[in-house]
Amino acid sequence: MFSSLSYLKKHTPENGTDRESYLSVLVDEYLNSNSVDAKCQVLANLANFAYDPINYVFIRDVGVYDIFLYVIKNEANSQLLHFAAAGICNLCSDPLNVDYLMKHDGVKPLENLLTSTHSETVADVITTFIQIYNNTSISNDSQRPRKSHEQDAVKQVSLHCSQ
C-alpha cells in the first residue's frame, strides 16, 4: 500500500518517531552492527521501505540508498546482496533514483550480480535493468538528450537482454 503524508501523520502517534527519523535509526543500526544477521534484518527492513514512493526522499537523505550501493559494491554475503538488490529494484521505478544509481556507478556492480546463484537476486537485477531501460527511454521520448551514463546503462541492459 502506498502512503501519503496525511496517512503517515494520522498513523504516527503524537510522541512517535516520524518516518525520516525511523529510517535514520535503521541506518545507524546497520552501520553500527557487527552481526551479519542483524545487518541482514535491518537491510531487509530498509528494502521494504523502498517500495513506497513516499519514502524516496527520506531514503536518499538519510543514506539508505548509499548503503544499498555500498553493499552491492563491497559485500560478498548473498543475503546482504539480495536485500540491497531488492532495495535498489524497489527504488528504480523513479527516474530520480535511476539517475542516482547511474551517478554513483551502481550499474556495473548490479551487472555482476547476474551470475548470482540466488534466483531472487537475479530477478531483482533484471527488473532493475528493465526499469533503467524504461526510464531512460521515457526521458529520450521527451526529447531530452540522454546523459552519457544513461546511454551506458541502456547499452549494458541491451547487451544482457540479447545474451
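# Reading a helical model

Me: How many disulfides does one count here?

Reply: The count comes to zero disulfides. Bear in mind that this is a predicted model. The general idea is a distance test: two cysteine sulfur atoms have to lie within 2.5 Å. C89 is in no disulfide, since the nearest cysteine sulfur, that of C92, is 7.4 Å away and the cut-off is 2.5 Å.

Me: Is C89 buried or exposed? And what of C40?

Reply: The idea is to compare relative accessibility with a threshold, buried being under 20%. C89 has 9% relative accessibility and therefore counts as buried. C40 is likewise buried, because its relative accessible area is 11%.

Me: Which secondary structure elements does the protein contain?

Reply: One reads the elements in order along the sequence. The protein has 10 helices and zero strands, which gives the pattern α-α-α-α-α-α-α-α-α-α. Long-range contacts then indicate how distant stretches meet: of the contacts between residues at least 6 apart in sequence, 66% join residues at least 24 apart.

Me: What share of the residues counts as buried, and how much area does the protein expose?

Reply: Of the 163 residues, 45% count as buried. The protein exposes about 9000 Å², with carbon and sulfur atoms supplying 51% of that area.

Me: Which residues have the most contacts inside the largest nonpolar core?

Reply: In soluble globular proteins, nonpolar side chains tend to be buried together. Here the largest nonpolar core has 42 residues, and L43, Y65, F68, I88 and L101 have the most contacts inside it. Several helices each supply at least two residues of this core, among them helix 2 (19-32), helix 5 (64-74) and helix 9 (119-141). Helix 6 gives the most, with eight residues. As an example of such packing, I88 touches Y65, F68, L69, I72, L101, L110 and T128, leaving aside residues up to four places away in sequence.

Me: How many salt bridges are there, and where do the partners D94 and R60 lie?

Reply: The idea is again a distance test, with a side-chain nitrogen of Lys or Arg within 4 Å of a carboxyl oxygen of Asp or Glu. The count comes to three salt bridges. D94 pairs with R60, their closest N and O atoms being 3.8 Å apart. This pair links distant parts of the chain: D94 is in the loop between helix 6 and helix 7, R60 is in helix 4, and their positions lie 34 residues apart in sequence numbering. Both D94 and R60 are buried.

Me: How far apart are the closest N and O atoms of K103 and D99, and of E111 and K108?

Reply: For K103 and D99 the separation is 3.0 Å. These two residues are four apart in helix 7, so about one helical turn separates them. D99 counts as buried because its relative accessibility is 14%. For E111 and K108 the separation is 3.5 Å. Both lie in helix 8, three residues apart, about one turn of the helix. E111, at 16% relative accessibility, counts as buried, whereas K108 is partly exposed, with a relative accessible area of 46%.

Me: Is Q41 buried or exposed?

Reply: Q41 has 56% relative accessibility and therefore counts as exposed. Q41 lies in helix 3 (residues 36-49). Sequence separation and spatial separation should be read together: Q41 and Q79 are 38 residues apart along the chain, and their C-alpha atoms are separated by 9.6 Å. A similar reading applies to V57 of helix 4. V57 and E20 are 37 residues apart in sequence and 8.9 Å apart in space, C-alpha to C-alpha. V57 is partly exposed, with a relative accessible area of 43%.

Notes
Residues numbered from 1 in each chain as written. Predicted model: local features only at pLDDT ≥ 70, side-chain atom pairs only at ≥ 80, totals over all residues. Heavy atoms only, no water. Buried < 20%, exposed > 50% of the residue type's maximum accessible area, 1.4 Å probe, protein only. Contact = heavy atoms within 4.5 Å. Areas by Shrake-Rupley, 256 points an atom, 1.4 Å probe, with all protein chains shown as cover. Core = buried A, V, L, I, M, F, W, Y, C linked by side-chain atoms within 4.5 Å.
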